[in-house]
Amino acid sequence: MADAAQAARHVLIAADKFKGSLTAVQVAERVTAGLRRAAPGVEIAAVPVADGGDGTVAAALAAGFQRREVRVSGPLGEPVTAAYALREGTAVVEMAEASGLQLLPEGVFAPLTSTTYGSGELIAAALDAGARSIVFGVGGSATTDGGAGMLAALGARFLDAAGAPVGPGGGALAGLASADLSGLDPRLADVEIVLASDVDNPLTGPKGAPAVYGPQKGASPQDVAELDAALAHFAKVLGDSVGPRVLEYAESPGAGAAGGIGFGALVGLGASFRPGIEVMLDVLGFAPALEQATLVITGEGSLDEQTLHGKAPAGVAAAARAAGVEVIAVCGRLALSPAALGRAGIRRAYALTDVEPDVARCIAEAGPILEAVAERIGTDFLT
């Protein structure tokens, strides 16, 4: 390790959160502390990252964005305080702040009635603040309404056969008779909106939002079937109003993100879809930081097959590999083989369970255990 130790004297920490244990900022702090115990003189920089899901605003704030708060409607219609990030005309809006699963009372799910209305209010707040471009991070939602609530908050009208607004949630879309997007906030036409997501599911079908993600939101098999049919009907009615491209959008990658809010963003907001980690690396200034690095440490709570499909560590590793910089990963749980890690551009992964086999303790005491893991990395690569 001597040659590597001599070369790797400027470390860039670009890790996502350990969900349920540590934020991305806390991961960076703990890794820094552990590395310094092993190699006190090493230069360390940190760019906490996110892939568009929950934690995206926190990553932007760590990169120097300003925090803005606004009262919006939560997924059940109750008022909640949601934050977004703003810097020089660019807003980072995280739908989970307004419509996320974490906003539901413990043990309570509302797969048929939860709404994205508050996410629309959050976008409106960013427009009010003068945003000229919006990174719309979607993930961690409590909702499966195809973005109908979001669009309604921004001026769209969705009516039933009696001419009354349909109720909240995806289930109510089964009764949709007409859709009118002409009242959407005119400022949307002048703003660049990027849909940032780590999933590429279509709106409906076996790989669609209800089938794949509905059960995580409390949907029974009957609920899934009902939601899938309702979203297909929603797309048909929108197609009758807006045009045949709507059905193409329904099949587009990302349309099924966050309970179909991706579909609503593509159709109604004119958003463009990009993998969330690619967008966030641009927004967070990863490339300039990478230029100085001789070793990158990335990671997230669980390194598994999902990691390889657009999650933050895979995106960080791909960018670092393209720049010829070695990558190490930290995680709570490791479920990838060395060969799979190598294909992703990760030389080696260190798991908390390597230090503490008890998973419950790893979750409860993630901070100090991660410091111990980072100290091992420092010993192996920096001394």
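**Entry 1: helix 13**

Which helices and strands do the buried residues of helix 13 pack against? I began here, keeping in mind that this is a predicted model. I found helix 11 (276–284), helix 12 (286–291), strand 11 (295–303) and strand 12 (326–334) as the packing partners. Next I looked up the buried residues themselves: in helix 13, which spans residues 312–322, they are Ala312, Pro313, Ala314, Gly315, Val316, Ala317 and Ala320. After the helix comes Gly324, and I noted its positive phi, near 75 degrees.

**Entry 2: the open sheet**

I then turned to the sheet that holds strand 11 and strand 12. Five strands make up this open sheet, in the order 2-1-11-12-13, and their pairing is parallel. Which strands stand at the edges? They are strand 2 (43–46) and strand 13 (348–351); each has a single partner strand, so one side of each has no neighbour in the sheet. From one strand to the next, I read an average twist of 25 degrees.

As a reminder to myself, strands of a sheet pair through backbone hydrogen bonds, either parallel or antiparallel.

**Entry 3: two pairings up close**

How many bridges join strand 11 to strand 12? I found eight, with the two strands running parallel. One place to look is Thr298, whose bridge partner in strand 12 is Ala329. Between these strands the chain passes through helix 13, and the β-α-β crossover is right-handed.

Strand 12 also pairs with strand 13, again in the parallel sense, over four bridges. Here I picked out Ile328, which stands opposite Arg348 in strand 13. Strand 12, helix 14 (residues 338–343) and strand 13 form a right-handed β-α-β unit.

**Entry 4: helices on the sheet**

Helix 2 (residues 24–38) packs on the sheet and touches strand 1 (10–13), strand 2, strand 11 and strand 12. I noted that its direction makes about 155 degrees with that of strand 1. Helix 13 packs on the sheet too, touching strand 11 and strand 12. For helix 13 the angle with the direction of strand 11 is about 160 degrees.

**Entry 5: the nonpolar cores**

Which residues have the most contacts inside the largest nonpolar core? They are Ile123, Ile134, Phe136, Phe158 and Phe263, in a core of 56 residues. Helix 10 (residues 257–268) gives this core its largest share, seven residues. I followed Phe263 outward, leaving aside neighbours within four places in sequence, and met contacts including Gly146, Leu203, Phe234, Leu238 and Tyr249. Apart from the largest core lies another, of 40 residues. Among its members I saw Met280, Leu303, Ala320 and Val325. Ala320 brought me back to helix 13, where it is one of the buried residues.

**Entry 6: the cysteines**

How many disulfides does the structure hold? My search gave zero. I still looked up Cys331: the nearest cysteine sulfur to its own is that of Cys362, 9.9 Å away, and Cys331 is in no disulfide. A disulfide here would need the two sulfur atoms within 2.5 Å. Cys362 is in no disulfide either.

Are these two cysteines buried or exposed? Cys331 counts as buried because its relative accessibility is 0%. Cys362 is buried as well, with a relative accessible area of 5%.

Note on methods
Residues are numbered from 1 along each chain as its sequence is written. This is a predicted model: local features need pLDDT of at least 70, side-chain atom pairs count only at pLDDT 80 or more; totals for chains, interfaces and linings use all residues. Side-chain values use heavy atoms; hydrogens and water are left out. Buried means under 20% relative accessible area, exposed over 50%, partly exposed in between (1.4 Å probe, protein chains only). Contact means heavy atoms within 4.5 Å. A nonpolar core is a set of buried Ala, Val, Leu, Ile, Met, Phe, Trp, Tyr and Cys residues joined through side-chain atoms within 4.5 Å. Two strands pair if DSSP finds at least two bridges between them. Axes are lines fitted to C-alpha atoms, for helices over the stretch in contact, and angles run from 0 to 180 degrees between N-to-C directions. A crossover is right-handed if, with the strands pointing away from the viewer, the path from the first strand over the helix to the second runs clockwise.
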